Structure formats: C-alpha cells, structure tokens
Amino acid sequence: MSKHAVSRRQAIEILAGVAASLACGFGTAVRAQTTSGGAGRREFNVRDFGAAGDGISLDTAAIQRAINAASTVNGRVIVPGGGRYLTGTLELKGGIDFHLADDATLLASARPEDYLGGAATAAAVRQTPSRIAGVEPAPAERAATLLTAYEARGLSLSGHGRIDGRFRDFMTHYDETDEWWRPGPFRPNLAVLLGCRDLEVRDVTFQDAPIRTLHLVGCEQVLVDSVKVRNQLNVPNCDGIDPDHSRDVEIRNCDIVCGDDAIAIKASRPYVARGDCSHIHVHDCVIETQDSGLKIGTETASAVHDVRFERCVIRSSCRGLTIQLRDEADVHDIVFRDITFKSRYYSDPWWGRGEAISFTALPRTAGARLGTIRGVRVENVTGIAENSVRISGCRESRIRDVAFDNVSVTLDRETKYRGGVWDNRPTTSAYPAIEPHGNPGIHVRFADQVALRRCRIAWGAHRPDYFTHALEAHDVTGLTYPDFVGQAAHPELDAAIAIRP
C-alpha cells in the first residue's frame, strides 16, 4: 500500500484510540442497510493491477491500486479465484464492493513492516508485553490491521473467499500447562472498520486470526450476514465479531468458531467520543468458543442498550450468556430469546468458570464509578453447564428489573478443572477475582425486582459436594419465582430454595 493511502488523521485515530487498553422491547427497529453488491458495477480485477496471487509476492500495493481506482466510480474490486494474495494493510473505501471469489484467499503477511504502524507497533509491544486472559490487547497489536476502513459509506465486503490470518506465524509456542498458544510481540487484526455507514459484510470466511477478527468501531447501519469465522479455539483474544460503539447493526446466519468471545457488544474507552452502542440484533447464529458465547461488556465506557440475541445455538463456551459491567455507563433493555447453550470449564487463564448465565456488575478497580444493569429479559433458553446461573450486583451497583421466563438449566460436571468457584474478572476492587463459593442452580445477589417464571433447575449424574440449592438469594428485594421447579443437588444436605438477608 502506498504511504499516502491512509491519512495522518486516520492513522492517529487508529493508533491513539486504543491507548487506554494498556491500563486495563425496542423502540427503534434495527435499520441495517444493504449495498447494491456487484450488480451493474464496473469491475476492477486485482491481477490487472499487478497482483501475483502466488502466496509469495507481496500484493499490497497492487490490490490497493485496484481499490483506489474502484472507489472513483463506486466499482467492484475482484480478487479472483485460484490465488493466494499475500498482503499487509489494505484500506477499503466507501462505495466499493470488495469481492473475494470462491477459492480466493487474502493471506496476512507475517512482517510488521507491511502493516500501517506495524514496525513501530512491534517495537512498542516488545517494551510493553501484551496482556492476555481476556484483558484487552495492547494498543499496538490492535492498530496493526489487515483490512481497515475509515468513515467509509456504502462499503461492502463480499464473496465466499477466505481471509487467512496465519495465527501460527504470530505465536511463540503452545503452553502445555495453560493449554493455549502464547502470542509473540506482534499480532495483526483481520478487520477493523471505523466510523463506517451503510456497511455490509457477507458470506466471507475469516480464519486463523492471531487476534481480533471483525471489529466494528463507531459504525452505523451495518449488516453482517452468513459470515464464517474459523479461528483456533486455543488462541487468546481472537474474538469473532465485536460491535463497539456501533448502532443499527444486524448480525445474522453467522457460524463462528473462535477461542475468545464469539460475539461481544461493547463500548470501549478509547472510542468513547463515538457514543452509545445500541440497537443491535443478533440472530440465527451458531457458535463454538472457549470464552463467552453471546456477551455484552466488559468495556462499557458508554451505554449499551436495546440489544436482542435470538435463535442462536452455542455449542461450547465458558459462559453461555454474559453481561459483564465493569465501567461507569449503563447496560439496559437487553433480550436473550430462544437460545440453547453448553458451558464448561477450561484451563485457568481463560475467563469464565463454566457459568451457565452470568450477569455481573462489579467495579473494575477500587473506587471506580460503576453504571447499572437493568431491564434484562431471558426467554425460552435451555442449557447444560458446569456452574451456576448468576445475577450478581454489588453494594456499589444493584442489578434491577430482570425477568427470566421458561429458562431450563441442567448442571453437571464433566471436566477435570477445579470447581466450587465463580469468576469475577476483570476486577481489582474489594471483590475477589476468583470467588470460592458453592454452586447453586441459580444465584441472585444485590438485586431488585427479579422474576423467575417457569424456570427449571436439574442436576446431572456428576454432583460434587459444592453443588447446592436449586435457588439461592442474598440481599435481594422483589424476588418472585412462580412455577419454579427444582430440588437441591443433595436434598439430604440442602433446601431446594434458600433466601437469605
């Protein structure tokens, strides 16, 4: 890519906007727009601009020339089949359709100098080792990106081709003790799209991301349809799809396999000027992950609200449904509906301890201001898990107005990892990061106006002694549980329901 392809202003926002990472129903329908695709567009074949597609020659400049030419007439960039196109950072432009033919592959370069800010990034990360285990990646890693766009309008990314992140080239080794790959000093994202409007991502496959896959920052009127993610399950931070400060987003028919959060809706601090994250509709997706399946948080520097998750299947996760509030803004008007899930323990570095459903509000740091979780609905949800359903506020922020209706969870232990704990990370406040606690079926704490209608707790064949009540509550007001069904895991020791002051 030419040195003038990305402006100084754009580069500053991309790089500076993530600096804070080191420190650490619905009134409006989703209005996702679709672009006109390739119909009637003038086509720009990257091979005509000098792309070799041999997987050896660096094709960045040739592909960028095709993008730049297509952008002058709202054309279609064709990455033809039969090739592997080695590339560094490409800046996509508004009005174009960037089309990957069925057997075309964009192949991430392993060299930091091939990415926007990549060389300086790698040096910075060597001085400041990146954090993993769910903590936000170092800013330099996030700034280095294979596909980026800045305030592009009417952009589409289409086709059944692949975008290959070559994760192995960015790892140092596989850690047998922690059971995951250890990252090296430089990892590029696959796609970070900033401030885009009328955006469509359709049919493409992202694979082997060394860090985040598709990060939508401050975007509006977005459709992500029938996208596949095929990342490694034991690579940290390789989230699937992350709408961040984005609005009017529809994510549908996606098939996601990744190590970190599959779909995480958030409002990260570096981009707080881009406003709330709202009116998000996620539906008809299939998910496999070693982290959270469907998640809000942990970053909530601006409000996250009016979000619907519907008709999804979570084949594996460390938490099925998750809301993690750790910052000052509110999370409200959220629906999880018609979802099945499975949740289990993984090795210690992964956040989550097999909780079935985990809605938690805890200060990220001691004395930090904390928003509230309110107005959450969970309907027609069924799952198998190794740990509790949690609705857990804190003294600083009580959770309120939560309704479960027809939620059925079976608790059973199947893995070798230590149990009898909850995972409260990330927090360095007075609340423990890993909290020893018996595991009831449903646990409610520091909450008001919680309704559990037609809910059912069952126990599998493997019932350790720390499996306890079907329902346990502490410091709760307005708790109701009509037609609740469930016994204690060990009826000879515990009551089915335990309500404590």
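**Aromatic pairs and a parallel sheet in a predicted model**

In this predicted model, Y466 and F467 are both buried.

User: Hello! How are the rings of Y466 and F467 arranged: stacked, tilted or edge-to-face?
Analyst: Happy to help. The ring centres lie 5.7 Å apart, with the planes at 85°. Planes over 60 degrees apart fall in one class, so this pair is edge-to-face.

User: How many aromatic pairs does the structure hold?
Analyst: The rings of F170 and F186 form one of them, a tilted pair with 6.1 Å centre to centre and 55° between the planes. Ring pairs also link F309, F336, F359 and F404 into a cluster. The total for the structure is twelve.

User: Is F170 buried or exposed?
Analyst: Good one to check. Buried means under 20% relative accessible area. F170 has 3% relative accessibility, so F170 counts as buried.

User: Which residue lies over the face of Y346?
Analyst: This one involves a charge over a ring. The distance from the ring centre is 4.0 Å, and the residue is R344.

User: In strand 23, which residue is the bridge partner of I251?
Analyst: Let's start from strand 20 (residues 247-252), where five of six residues are buried. Strand 20 runs parallel to strand 17 (residues 220-225), joined by five bridges, and I251 is the partner of V224 there. Strand 20 also pairs with strand 23 (residues 277-283) in the parallel sense, over five bridges. In strand 23, the partner of I251 is V282.

How values were computed: Residues numbered from 1 in each chain as written. Predicted model: local features only at pLDDT ≥ 70, side-chain atom pairs only at ≥ 80, totals over all residues. Heavy atoms only, no water. Phe/Tyr/Trp six-rings, centres within 6.5 Å; stacked < 30°, edge-to-face > 60°. Buried < 20%, exposed > 50% of the residue type's maximum accessible area, 1.4 Å probe, protein only. Lys NZ or Arg CZ within 6 Å of the ring centre and 35° of its normal. Helix = DSSP H or I, 4+ residues; strand = E, 2+ residues; numbered from the N terminus. Pairing = 2+ DSSP bridges.
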